[in-house]
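Okay, thanks for making time, everyone. I'll put the structure up and then walk you through it, chain by chain.

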Amino acid sequence: MKKYFSFFKLRFSMGLQYRTAAFAGIATQFVWGSMEILMFRAFYEADASAFPMTLQATCSYVWMQQAFLALFMAWFMENEIFDSIVDGNISYELCRPINVYDMWFARSTANRFSRAILRCFPVLIFSAFLPAPFGIMAPVSVSAFVWFLITLILGALVTIAFCMLVYMTCFFTVSSLGVRMVAVSVVEFFQGGVIPIPFFPEKLQKVMELLPFASMQNVALRIYSGDLAGVQMKKAIILQVFWLVVLVAIGKGINRLAMKKIVIQGG
Amino acid sequence: MWNSLQLYAHYFKIQFHSAMEYKTSFILTCIGQFLVSFNVFLGVFFMFKRFHNVSGYTYSEVMLCFGITLMEFSIAESVARGFDTFPSMIANGVFDHIMVRPRNEILQVLGQKIEFTRIGRILQAVVMFSYGIMKSGVQWSLAKVGTVLFMLLGGAALFCGIFLIYAAICFFTLEGLEIMNILTDGAREYGKYPVNIYGKKVLFICTFFVPYALIQYYPLLYLLDKGAWWYTLLPAGGFLFLLPCYGLWRLGLSHYKSVGS
């Protein structure tokens, strides 16, 4: 466990180095967030009664999504891992007395969290100062905030566990670009990245909420704005834990299979 | 001019052969590209399942707007997305090779990397465009067909201009700026709705600074019988926009210092 933690620490401090890149990223996220909110405003003005959440909750959702983008976006995968599989550098990793799956998991976690921590505060602070419905609101209650933090971490872990599956497929296909693109757009859509899950028609929403993708950003962002509470919230959290266990189990299974079959082609 | 086209055709052929060396990967990536852009469409589709109009536009009107914008972007992308790799060309010295050759730099930069898998995305744009045109319920006349064509050309010019700016800025910063994504992918993403739904300020910026509205919102009003006839002429703004972009490129070029690696 200790060695994986040091991988985490190493990556984490590395991620904190890229401050200029983070600055440019933050500016981009402001604009994306603002445009998204302006779009929702237009729909709100068209028909307020058809809105499934309050406008305030929707805006908080959008800002939170922008602030913690690095935790949940599937396209934020590590090229290094893909490259190491393709160019054979993986052989070095295999020589070490560690489990490749666990190491990559620790590494991805560190990358995502360091990036998110660097980037979230400016977005959060700025959006807190925006006028009433368009800014981010204070959390509805202390307990909601605590649950928000817990589900935020759980959701990020589910996302990473899913990305691990995509890395694993690379052992079998070599060129992973196609698989990767499809996976990214499926995750994006079903986790509520295009439009939040409550905006979908009811039947579809019921199905979507059961999928592993809904256990990513959807739960945390909706708990924060008070859209998800009580029994519904508990169910969602149990589902998150369930999917995390399942995805990690599948990932480890594939990993074991791949390690048996792997052939390093010289080089 | 003819000579340049021949050169580009030659680049095209070489790149095509190299892409065909990895056929399975090529086809899978094409499929990926095709599916990816459906997300935007699905987003619009499901929003309209719940709401029946936005700022006075119906679903079919938004689809027309979305189809045209996506098509404009795709045409530009297939011509000029090669600028995307420009930062690495400066960093690894490929641009130095280009400078010493007695041919146009832009042409050579674009020839370095032609991404054929984009065909998936272009195909998707064609599908969305046809769907938008069919769904629109517009009474087509010669003038309106002409307007759509003019929009496609003007829009493609505008997006090419933006890709060119992205590359020109690299002369000064030596690396690509993530913030430029707002102008390229952001414009495609948010161009799905006519720009005026985002409010007056955005419309103002998109009219006078980066003239998206001239290739999307105003001529669209004409197509929907909501605007004056001369809105048809506004996509010309897309071509005018190329001038300052080219100016910036020239400026960057004269400012260029090899990074020497």
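One bit of vocabulary before anything else: I call a residue buried if 20 or more other C-beta atoms lie within 10 Å of its own, with C-beta atoms placed from the backbone. By that count, 40% of the 261 residues of chain B are buried. And please keep in mind that what you're looking at is a predicted model.

So, how far does the predictor trust itself? For the complex, it gives an ipTM of 0.87 and a pTM of 0.88. Chain B has a mean pLDDT of 88, with 98% of its residues at 70 or more. Within chain B, confidence bottoms out in helix 2, where the mean is 80, and peaks at 94 in helix 13, residues 217–223. The usual caution applies: where pLDDT is low, the predicted coordinates should not be read in detail.

Let's do chain A quickly. It has 12 helices and 0 strands. For 267 residues, a compact globule would have a radius of gyration near 18 Å, and chain A comes out at 19 Å, so the two agree. If you box up the C-alpha atoms of chain A along the principal axes, you get roughly 65 × 40 × 35 Å. Buried residues are 44% of chain A. As for contacts in chain A between residues at least 6 apart in sequence, 81% of them join residues at least 24 apart.

Now chain B. Here we have 14 helices, and again 0 strands. Its radius of gyration is 19 Å, close to the 18 Å from the globule rule for 261 residues, so chain B is as compact as a globular protein of that length. The box for its C-alpha atoms is roughly 55 × 45 × 35 Å along the principal axes. Take the contacts in chain B between residues at least 6 apart in sequence, and 77% join residues at least 24 apart.

Go to the start of chain B for a moment. Helix 1 of chain B covers residues 2–20, and at 1.5 Å a residue those 19 residues should span 27 Å; the end C-alpha atoms are 27 Å apart, so that agrees. Is this helix covered or not? Hardly: the count of buried residues in helix 1 of chain B is 0.

Next, where the chains meet. On the chain B side, 33 residues are in contact with 27 residues of chain A. Which elements of chain B give two or more residues to that side? They are helix 2 (23–36), helix 3 (38–50) and helix 10 (185–190). Helix 2 of chain B gives the most, with 8 residues. Remember that helix 2 is also where confidence in chain B is lowest. By class, this side of chain B has 18 nonpolar, 12 polar and 3 charged residues.

If you want one residue to click on, try Met47(B), in helix 3 of chain B. It has 22 C-beta neighbours inside 10 Å, so Met47(B) counts as buried. Setting aside residues up to four places away in sequence, Met47(B) touches Phe43(A), Ile195(A) and Phe199(A). Met47(B) and Glu189(B) are 142 residues apart in sequence, and their C-alpha atoms are 15 Å apart in space.

On to the core. In soluble globular proteins, nonpolar side chains tend to be buried together. Here the largest nonpolar core has 140 residues, and those with the most contacts inside it are Phe68(A), Val158(A), Met164(A), Phe163(B), Leu164(B) and Ala167(B). Helix 9 of chain B, residues 142–173, supplies the largest share of this core, 17 residues. Look at Phe163(B): leaving out its neighbours within four places in sequence, Phe163(B) contacts Ala76(B), Ala80(B), Arg81(B), Phe83(B) and Thr184(B).

Last thing, a couple of backbone oddities. Ser55(B) isn't a glycine, yet its phi is positive, near 45°. You'll find Ser55(B) in the loop between helix 3 and helix 4 (59–80) of chain B, and with 15 other C-beta atoms within 10 Å it is partly exposed. Then there's Asp225(B), also not a glycine, with a positive phi of about 60°. Asp225(B) lies in the loop between helix 13 and helix 14 (236–255) of chain B. Buried or exposed? Asp225(B) has 9 C-beta neighbours inside 10 Å, so it counts as exposed.

That's my tour, thanks.

Key. Residues numbered from 1 in each chain as written. Chains lettered and ligands numbered in written order. Contact = placed C-beta atoms within 7 Å. Helix = DSSP H or I, 4+ residues; strand = E, 2+ residues; numbered from the N terminus. Nonpolar A, V, L, I, M, F, W, Y, C, P; charged D, E, K, R; others polar. Rg over C-alpha atoms; globule rule 2.2 N^0.38 Å. Buried ≥ 20, exposed ≤ 12 C-beta atoms within 10 Å, placed from the backbone. Expected span 1.5 Å × (residues − 1). pLDDT = per-residue confidence, 0-100. Core = buried A, V, L, I, M, F, W, Y, C linked by C-beta atoms within 7 Å.
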